[in-house]
Amino acid sequence: MVDKIECAKGIQAQFQLNYRQSAKTHFELDIDIDIPGQGITAIFGGSGSGKTSLLRCIAGLEQNATGSLMVNDELWQDTSVFVATHKRSLGYVFQEASLFEHLTAMGNLRYAIKRSAQTTNPELLTQVVSVMGIESILSQFPQQLSGGEKQRVAIARALLSQPKLLLMDEPLASLDTPRKLEILPYLERLRSSFNIPILYVSHAVDEIVRLADHLVIMEQGKVLAQGGITELFSRADLPLGVSNEVGAIVECKVVERDTQWHLMRVAFDGGELWLPNVANKDSNSQRIRVLASDVSLTLTSHTDSSILNVLSGQIAEIINDQDPAMSLVRLKVGKSYLLARLTQKSLQNLALTLGKSVWIQIKSAAIVR
Ligand SMILES: Nc1ncnc2c1ncn2[C@@H]1O[C@H](COP(=O)(O)OP(=O)(O)OP(=O)(O)O)[C@@H](O)[C@H]1O
């Protein structure tokens, strides 16, 4: 096993950039982020919010950007320093794989090894090829590969340059859903096998929930919020998905698998939940998403309900939804938070107010993993 590349000090980036688009309109990027030096940080935001511009600043591709950048204690930019793009130790994976068409997959990987500033341990090549699952396609040319395979080769190529930071700009956006689902497990393996911090641009909530540890939410060139994924997903005031998709993330441990009913019991900071068993998962850790629309509240504990999951909690926040009929309620459950999407009418009928104790019902079938 190749030693993991040590990165733990964090990435601090502060940038200002102005694009003049016409005499009347311009776009201004003004960001200040401080994110972990390991794991996957998703950069999330709507179209035109400045996600790609931020990555381009980090890569040193925006000569007009002012600001500063530290990557795990290495200074790449400030008022007096500007490390050129080719000298920044980073890998960049784009929406399209952009492989050299005249070279085989292996040829593309060899090219990266040759270009790497450091000597490449042969074990690294074996490890990268195995983690990305591309052993059987190494002799193929890009035109013989599917979109997902090309993207796995492109990621392997980026890793072989032994970067201190990996930038991925919507790497799955050009793939259809089956290809996307095929590649996601490789990205999960990439996160657990290499200790390289990854900045992952996406506006797909499902990808972020599955992959990211940390999140930066952008809006109109500014950072709207940044923090751990569980923390930000449990906030009722952020635009994490359209109303029906809003939901909290809960990190759980499997404590029991019930083979008779094909269920598993998982424990989290706020209690336990029953959900359909996932037999093929070897890890006992589960990240689950509980959609706000699948959570209902009662004032007494019902024992005559079909719902298996009933937790007790308190109302921490109530926010009006864009839909005037609805509201979003943030619930404190032990040390965790859940969200419930309720009608304004129910809110009033149950006289739900801040601090009130409630019973929280969640359908097992509705929990998203
Ligand atoms: N070279 C440029 N010159 C002028 N304006 C630009 C330039 N590059 C980007 N922009 C503008 O900056 C804004 C942010 O663009 P950017 O590509 O960073 O957004 P994004 O969040 O990545 O969007 P998307 O998700 O659609 O890719 C947009 O309004 C875009 O038109």
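Helix α4 packs against helix α5 (residues 177–193) at an angle of about 20°, and their axes are 9 Å apart. This is a predicted model, where local features need pLDDT of at least 70 and side-chain atom pairs count only at pLDDT 80 or more, while totals for chains, interfaces and linings use all residues. Residues are numbered from 1 along each chain as its sequence is written. Helices (H or I, at least four residues) and strands (E, at least two) are DSSP runs, numbered from the N terminus.

**Helices α4 and α5**

- Two packed helices are described by the angle between their axes and the distance between the axes. The axes are lines fitted to C-alpha atoms, for helices over the stretch in contact, and angles run from 0 to 180 degrees between N-to-C directions.
- That angle is why α4 and α5 count as roughly parallel to each other (angles under 35 degrees get that label, over 145 is roughly antiparallel, 65 to 115 is roughly perpendicular and the rest is oblique).
- α4 and α5 make a right-handed crossing, meaning that the near helix is turned clockwise from the far one by less than a right angle; anticlockwise would be left-handed.
- On the α4 side you'll find G147, G148, Q151, R152 and I155, which meet R179, E182, I183, Y186 and L190 in α5 (contact is when C-beta atoms, placed from the backbone, lie within 7 Å).
- Sorted by class, this α4–α5 contact has four nonpolar, three polar and three charged residues (Ala, Val, Leu, Ile, Met, Phe, Trp, Tyr, Cys and Pro are nonpolar, Asp, Glu, Lys and Arg are charged, and the others, Gly among them, are polar).

**Helices α2 and α4**

- α4 (residues 147–160) also pairs up with helix α2 (residues 105–115): their axes come within 8 Å and cross at roughly 20°.
- So α2 and α4 are roughly parallel to each other as well, and α2 passes α4 in a right-handed crossing.
- Here A105, N108, L109, A112 and I113 in α2 meet V153, A156, R157 and L160 in α4. By class, that makes seven nonpolar, one polar and one charged residues.

**The five-stranded sheet**

- Five strands form an open sheet in the order β15-β19-β16-β17-β18, with antiparallel pairing (two strands pair if DSSP finds at least two bridges between them).
- β15 (295–298) and β18 (336–343) sit at the edges with a single partner strand each, so one side of each has no neighbour in the sheet. Neighbouring strands are turned by 45° against each other on average, direction ignored.
- Inside this sheet, β16 (residues 309–320) and β19 (residues 357–362) run antiparallel and are joined by six bridges. One bridge pairs N309 with I362 in β19.

**The four-stranded sheet**

- Another open sheet has four strands in the order β13-β12-β11-β14, again with antiparallel pairing.
- Its edge strands are β13 (271–276) and β14, each pairing on one side only. On average, neighbouring strands here are turned by 45° against each other, direction ignored.
- β11 (residues 247–258) and β12 (residues 263–268) pair in the antiparallel sense over five bridges, and R257 stands opposite M264 in β12.

**A292, in a loop**

- A292 is in the loop between β14 (285–291) and β15.
- A292 counts as buried because it has 24 C-beta neighbours inside 10 Å (20 or more other C-beta atoms within 10 Å is buried, 12 or fewer is exposed, and in between is partly exposed, with C-beta atoms placed from the backbone).
- Leaving aside residues up to four places away in sequence, A292 touches V246, G247, L328, L339, A340 and R341.
- E256 is 36 residues from A292 along the chain, and their C-alpha atoms are separated by 25 Å.

Key:
Two residues are in contact if their C-beta atoms, placed from the backbone, lie within 7 Å.
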